[in-house]
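Me: I have a structure open here and I'm new to it. Can we go through it bit by bit?

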Amino acid sequence: MSLLVSRLLLLTVTICALATDYTQAQQQQQQQQASFDTTHWDDDETHFNSSLSAILVPRVVGSRGHEQVRNYLVNSLNGLGFQTEVDEFKQRVPVLGELTFANVIGYINPQAENFLALACHYDSKYFPNDPGFVGATDSAVPCAILLNTAKTLNTYLLQQFRNRRDLGLMLIFFDGEEAFKDWTNSDSVYGSRHLAKKLARSGQANLGQRYIDRIEVLVLLDLIGARNPKFSSFYENTHGLHSSLVQIEQSLRSAGHLKGNNRMFLNRPAGGLVDDDHRPFLEENVPILHLIATPFPDVWHTPRDNAANLHYPSIRYFNRVFRSFVYEYLKRHTAPVDLRFHRG
Ligand SMILES: *[C@@H]1O[C@H](CO)[C@@H](O)[C@H](O)[C@H]1NC(C)=O
Ligand SMILES: [Zn+2]
């Protein structure tokens, strides 16, 4: 991804100018989440480690590793009780020519009215001089976190949550986030552009609603796994959700479930935007919660972004906060949450 993209900044400013009642929705959201009596869920780090080791291989689009990881994601989602879909397409790209991409999507309650969508990208970046690049923080760890969240919440997801009509859960593993040559709007986020377009086209004729409009929020994880990451709030309309992460961190800390003195979730706006897989969804007015470490890990896009440089205490910590956040969102949800920007 690329940092501080002015085009996106402009886009956001334009959307914000059109916003009228997002503040109200945000206040409602904050009231709903004013106090957290957070349920504690046990870790399953054995599962996390085995998921990560399956994903942590060179997996450039079109390679054998890529196909293996894609199959691993499908099998894991099926094993966790998700209905799984593969959104496959071919596209010509710089340097490597025509490639086959495949987003992998898992659903619980696929017929639900609305969805919480959790996302990451599973492709690794192509470096002609570094065929061994594994992208540990970018984004093998985020993908393992999503699978681990589903695993540790599995009894809840498959018992109480299953068959809810108001809300479903989507896990999205985007393909082709990385640029093959230089990051531009057309050489980047191949998978998410394809999926956003597909979800914006499709819908149920009788409801007259597009699938993409049923996503209440897209939570995008990226660049996680290095020591002591910091997460700020990027978008005003999801600031309430970001604050709930801050509060959950605080509650878990008070209950003795988090170690160390560093705070991970900062109750403050980010100093700029980061262009990433959420762009095509943002352009369709999907609310975005961008959980990307800023500053970026210093191993970013170097051969050092590997297993040896991961920081397990930080990963464990993130897993705990994130898992509680997902659980609380699903459990507290009773009515549609509308955080979209509305034209006045
Ligand atoms: C997971 O892997 C890390 C790094 O190798 C290790 O420190 C940790 O003990 C492992 N956890 C389990 C439960 O095996
Ligand atoms: Zn990258």
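Reply: We can start in one spot: setting aside neighbours within four places in sequence, isoleucine 224 is in contact with Thr137, Val141, Pro142, Ile145, Pro229, Ala293 and Phe318. Two residues are in contact if their C-beta atoms, placed from the backbone, lie within 7 Å.

Me: Before going on, what kind of model is it, and how are things numbered?

Reply: This is a predicted model, in which local features need pLDDT of at least 70 and side-chain atom pairs count only at pLDDT 80 or more, while totals for chains, interfaces and linings use all residues. Residues are numbered from 1 along each chain as its sequence is written, and chains are lettered from A and ligands numbered from 1 in the order in which they are written.

Me: Back to isoleucine 224. Where is it found?

Reply: Isoleucine 224 sits in the loop between strand 8 and strand 9. Helices (H or I, at least four residues) and strands (E, at least two) are DSSP runs, numbered from the N terminus.

Me: Does isoleucine 224 count as buried or exposed?

Reply: Isoleucine 224 counts as buried because it has 29 C-beta neighbours inside 10 Å. A residue is buried if 20 or more other C-beta atoms lie within 10 Å of its own, exposed if 12 or fewer, and partly exposed in between, with C-beta atoms placed from the backbone. The C-alpha atom of isoleucine 224 is 8.8 Å from that of serine 314, and the two residues are 90 apart along the chain.

Me: Which other residue in that loop has something odd about it?

Reply: Asparagine 228 is in the loop between strand 8 (215–222) and strand 9 (231–233). Its phi is near 50 degrees, a positive value in a residue other than glycine. Asparagine 228 is partly exposed, because 14 other C-beta atoms lie within 10 Å.

Me: Why point out the sign?

Reply: Most residues other than glycine have a negative phi, and most peptide bonds are trans. Valine 95 also has a positive phi, about 70 degrees, although it is not a glycine. It lies in the loop between strand 2 and strand 3, and it counts as exposed because it has 10 C-beta neighbours inside 10 Å.

Me: And which residues are joined by cis peptide bonds?

Reply: One cis bond joins aspartate 138 and serine 139, with omega about 0 degrees; serine 139 is in helix 5 (residues 136–152). Another joins threonine 294 and proline 295, with omega about -5 degrees. Proline 295 lies in the loop between strand 12 (288–292) and helix 10.

Me: New topic. How many helices and strands does the protein have?

Reply: Ten helices and twelve strands. The protein has 344 residues, of which 46% are buried.

Me: How covered is strand 5?

Reply: Strand 5 is mostly covered, with eight of its eight residues buried. Leu167, Leu169, Leu171 and Phe173 are on one side, and Gly168, Met170, Ile172 and Phe174 are on the other. In a regular strand the side chains alternate between the two faces of the sheet.

Me: What does strand 5 pair with?

Reply: Strand 3 runs antiparallel to strand 5, joined by five bridges, and tyrosine 107 stands opposite methionine 170. Strand 4 (residues 114–121) is parallel to strand 5 over eight bridges, with alanine 119 bridged to isoleucine 172. Two strands pair if DSSP finds at least two bridges between them.

Me: What does helix 7 pack against?

Reply: The buried residues of helix 7 pack against strand 2 (83–93), strand 3 (97–108), strand 5 (167–174), strand 7 (209–210) and helix 9 (279–282). Those buried residues include Tyr190, His194 and Leu199.

Me: Which residues touch the most others in the largest nonpolar core?

Reply: Ala117, Leu171 and Leu218 touch the most other members of that core, which has 92 residues. Helix 10 (residues 312–332) gives the most to this core, with ten residues. A nonpolar core is a set of buried Ala, Val, Leu, Ile, Met, Phe, Trp, Tyr and Cys residues joined through C-beta atoms within 7 Å.

Me: Last one: which residues are around ligand 1?

Reply: Glu45, Thr46, Asn49 and Tyr312, where near means a C-beta atom, placed from the backbone, within 6 Å. Helix 3 (residues 45–55) gives the most to this shell, with three residues.
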